[in-house]
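Student: Please take a close look at one part of this model, the packing around its first helices, and walk me through it residue by residue. I would like the reasoning behind each label spelled out, with the computed values alongside.

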Amino acid sequence: MSFKKFLSMFLKYGILSTSFGFVITVSLQIFARFFLNDVPPWTEEASRILFIYAIAFASGLAYQGNYFVFLEAFYVGFSAKFKKTIDLISAFMSFLLFGFCTFYTLPMLE
């Protein structure tokens with residue numbers, strides 16, 4: 001199995017598991033608010049974390065499948081060389097943003 005195929009499967013299963021966990025924790029919170037005396041305090045934080053991870057997994061698949069939003073009205077008028085340059089700069093800026101977020105997130109995990 002190639003690394004690209006493994007990564008794609010990992011991201012798909014990551015989205016499925018975190019989305020399923022998100023739905024379960026929110027459903028538990030709704031059920032507890034209506035039918036139980038006390039709401040479990042961990043459900044709100046767990047659903048927030050699961051939602052963040054679901055978005056993180058989905059962003060990798062969106063980038064792989066090129067499903068991001070484009071401004072086609074402006075993009076169509078550009079030359080092929082300029083389109084490639086914009087795509088390259090966009091990929092570099094995305095990588096830079098993910099690296100920036102990772103750098104400032106890692107100290108929070110300690």
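Tutor: Met-1 counts as exposed, because its relative accessibility is 70% and the label applies to values over 50%; please keep in mind throughout that this is a predicted model. Met-1 belongs to the segment that comes before helix 1, and, once residues up to four places away in sequence are set aside, Met-1 touches Phe-6 and Met-9. Between Met-1 and Ala-62, which are 61 residues apart along the chain, the C-alpha separation is 21 Å.

Let us turn to the helix pair itself. Helix 1, which covers residues 3-35, packs with helix 2 at an angle of about 155 degrees, and their axes are 8 Å apart. Because angles over 145 degrees count as roughly antiparallel, helix 1 and helix 2 receive that description. The crossing of helix 1 with helix 2 is left-handed, and the residues in their contact divide by class into 15 nonpolar, 11 polar and three charged.

Several residues of helix 1 can be examined one by one. Ser-8, a residue of helix 1, has a relative accessible area of 12% and is therefore buried, since that label needs a value under 20%. Apart from neighbours within four places in sequence, Ser-8 is in contact with Leu-61 and Gln-64. Gln-29 also lies in helix 1 and is buried, with a relative accessible area of 12%; leaving out residues up to four places away in sequence, Gln-29 touches Val-39, Thr-43 and Glu-44. Gly-21, again in helix 1, is buried as well, its relative accessible area being 17%. Gly-21 and Asn-37 are separated by 16 residues in sequence, while the distance between their C-alpha atoms in space is 23 Å.

The aromatic side chains add another layer to the picture. Counting ring pairs whose centres lie within 6.5 Å, one arrives at eight aromatic pairs. One of them joins Tyr-53 and Phe-57, with 6.5 Å from centre to centre and 40 degrees between the planes, and this pair is tilted, because an angle that is neither under 30 degrees nor over 60 falls into that class. Tyr-53 and Phe-57 are four residues apart in helix 2, which spans residues 42-65, so about one helical turn separates them. Their accessibilities place them in separate classes: Tyr-53 is partly exposed, with a relative accessible area of 46%, whereas Phe-57 is buried, with a relative accessible area of 16%.

A useful contrast in ring geometry comes from Phe-103 and Tyr-104, whose ring centres are 5.0 Å apart and whose planes meet at 85 degrees, so that this pair is edge-to-face. Phe-103 has a relative accessibility of 56% and counts as exposed, while Tyr-104, with a relative accessible area of 47%, is partly exposed.

Finally, we can return to where we began. Ring pairs link Phe-6 and Phe-10 with Tyr-53 and Phe-57 into a cluster, and Phe-6 is one of the residues that Met-1 touches when residues up to four places away in sequence are not counted. The exposed Met-1 is thus in contact with a member of this aromatic cluster, and the cluster also includes the buried Phe-57 and the partly exposed Tyr-53.

Terms used. Residues numbered from 1 in each chain as written. Predicted model: local features only at pLDDT ≥ 70, side-chain atom pairs only at ≥ 80, totals over all residues. Heavy atoms only, no water. Phe/Tyr/Trp six-rings, centres within 6.5 Å; stacked < 30°, edge-to-face > 60°. Helix = DSSP H or I, 4+ residues; strand = E, 2+ residues; numbered from the N terminus. Buried < 20%, exposed > 50% of the residue type's maximum accessible area, 1.4 Å probe, protein only. Axes fitted to C-alpha atoms, helices over the stretch in contact; angles between N-to-C directions. Parallel < 35°, antiparallel > 145°, perpendicular 65-115°, else oblique. Left-handed = near helix turned anticlockwise from the far one by under 90°. Nonpolar A, V, L, I, M, F, W, Y, C, P; charged D, E, K, R; others polar. Contact = heavy atoms within 4.5 Å.
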